[in-house]
Amino acid sequence: MQIQIHARNLTVDQKLQDYVEKKLNKLDKYLPNIAEVHVDLAIEHQHRGGERAIAQLTVRNERGAILRAEDKRETEILAAVDMAVDKMYRQISQYKSKRRRQGGDRFEVADPELAGLEALPAVSDDGDLEDAAEIIRRKRVDMMPMSEEEAVEQISLLDHDFFMFYNVNTSKVNVLYRRENGGFGLLEANIS
C-alpha cells in the first residue's frame, strides 16, 4: 500500500507523518489489495477568524473501488485525521456489505473475498452515512449544448450547487459544481 501525503498551509513533520501512516496501515486489514491512499491535509484560515483543520482520505484498491472520507475540525489536524479514518471505516463497512442481485429475490455478497476479512473496529456513528441508500426522487433533465462559460453563467443564475450540461467542446455530459472555498469544479466523465 502506497501512502501519499499532501499538505497545504501546513508542514508535515516526522511526527505527523508517522501518526498518519500508523492510522492508515490498519486499513489494509479491513480492505484487501489497497493500491494507494492519498491523504490531503490542510489548515484553512477562516474569514470570521481562527483556523480549521481538514483531512481528506482517498483509498483506491486494485479492483478500481474508490472510497473517500473527509473531516473538518476547528481544533487540530490530528483530530481531523482521527475522524476521517473513522469515516473511512464506515465507508469500508458499507462497501463490504454491498449486495448484488443474483436472480429473483436472492442476493449475494458483491465481493466474496471481502466476506472473510477481519471485522471493522467499532466507531461511533454520528449519522453522516445512512445504512441503506434509497433513490427517493428521479428527474429527467433536458440539456442544451453549451460551453463551460455558459454553464458557469447558468449555475449562477439558478443559484444551484451543481449544474449538469452537455459540453459542446468535448461532446460529453459534464457536471459543474460550487466549491466550498470558492470557485467552481468541473466533473468530466471517462468510461474505463
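Colleague: Which residues is Leu-27 in contact with, once its neighbours within four places in sequence are left aside?

Modeller: In this predicted model, Leu-27 is in contact with Ile-34, Val-59, Met-88, Tyr-89 and Ile-92, leaving aside the neighbours within four places in sequence. A contact here requires heavy atoms within 4.5 Å, and each of these five residues meets that requirement with Leu-27.

Colleague: What makes Leu-27 stand out in the largest nonpolar core?

Modeller: That core has 27 residues, and Leu-27 belongs, with Leu-24, Leu-41 and Met-88, to the members that touch the most other members. Membership requires a residue to be buried and joined to others through side-chain atoms within 4.5 Å, and buried means under 20% relative accessible area, so Leu-27, as a member, falls under that limit.

Colleague: Which elements give two or more residues to this core, and which of them gives the largest share?

Modeller: The contributors of two or more residues are helix H1 (14-25), strand E2 (34-45), strand E3 (51-61), strand E4 (66-73) and helix H2 (77-96). The largest share, nine residues, comes from H2. Another core, of six residues, lies apart from it, and Met-146, Ala-151, Ile-155 and Leu-176 are among its members.

Colleague: Why is Val-173 called partly exposed?

Modeller: Val-173 has a relative accessible area of 37%. Buried would need a value under 20% and exposed one over 50%, so Val-173, at 37%, is partly exposed.

Colleague: What makes Val-173 a member of a nonpolar patch on the surface?

Modeller: A patch takes residues with over 30% relative accessible area, and Val-173 has 37%, so this residue passes that cut-off. Val-173 forms the patch together with Val-141, Met-143 and Met-164, and their accessible area together is about 280 Å².

Colleague: Val-173 is in strand E9 (residues 172-178); how do you know that E9 pairs with strand E8 (residues 162-167)?

Modeller: Pairing asks for at least two bridges between the strands. E8 and E9 have six bridges and run in the antiparallel sense, so they count as a pair. In one of the bridges, Asn-167 has Lys-172 in E9 as its partner.

Colleague: How do you know that E9 also pairs with strand E10 (residues 184-188)?

Modeller: The requirement of at least two bridges applies again, and five bridges join E9 to E10, which run antiparallel, so this is a pair as well. Asn-174 stands opposite Glu-188 in E10. The hairpin of these strands has five residues between them, and there Gly-182 takes a positive phi near 100°.

Colleague: What makes Ser-171 worth a remark in the hairpin of E8 and E9?

Modeller: Four residues lie between E8 and E9, and Ser-171 in the turn has a positive phi of about 60°, although Ser-171 is not a glycine. Its relative accessible area is 48%, which is not over the 50% that exposed requires, so Ser-171 counts as partly exposed.

Colleague: Why is Asn-9 called exposed?

Modeller: Asn-9 has 53% relative accessibility, and exposed means over 50%, so the label follows. Asn-9 lies in the loop between strand E1 (2-8) and H1, and has a positive phi of about 60° although it is not a glycine.

Colleague: Why does Ala-189 count as partly exposed, and which residues does Ala-189 touch?

Modeller: Ala-189, in the segment after E10, has 48% relative accessibility, and the range for partly exposed ends at 50%, so Ala-189 belongs there. Not counting residues up to four places away in sequence, Ala-189 touches Lys-172 and Val-173.

Notes: Residues are numbered from 1 along each chain as its sequence is written. This is a predicted model: local features need pLDDT of at least 70, side-chain atom pairs count only at pLDDT 80 or more; totals for chains, interfaces and linings use all residues. Side-chain values use heavy atoms; hydrogens and water are left out. Buried means under 20% relative accessible area, exposed over 50%, partly exposed in between (1.4 Å probe, protein chains only). Patches are made of residues with over 30% relative accessible area and no salt bridge: like charges are joined within 9 Å, nonpolar side chains (Val, Leu, Ile, Met, Phe, Trp, Tyr) within 5 Å. Accessible areas come from the Shrake-Rupley method with a 1.4 Å probe; for residues, only the protein chains shown count as cover. A salt bridge is a side-chain nitrogen of Lys or Arg within 4 Å of a carboxyl oxygen of Asp or Glu.
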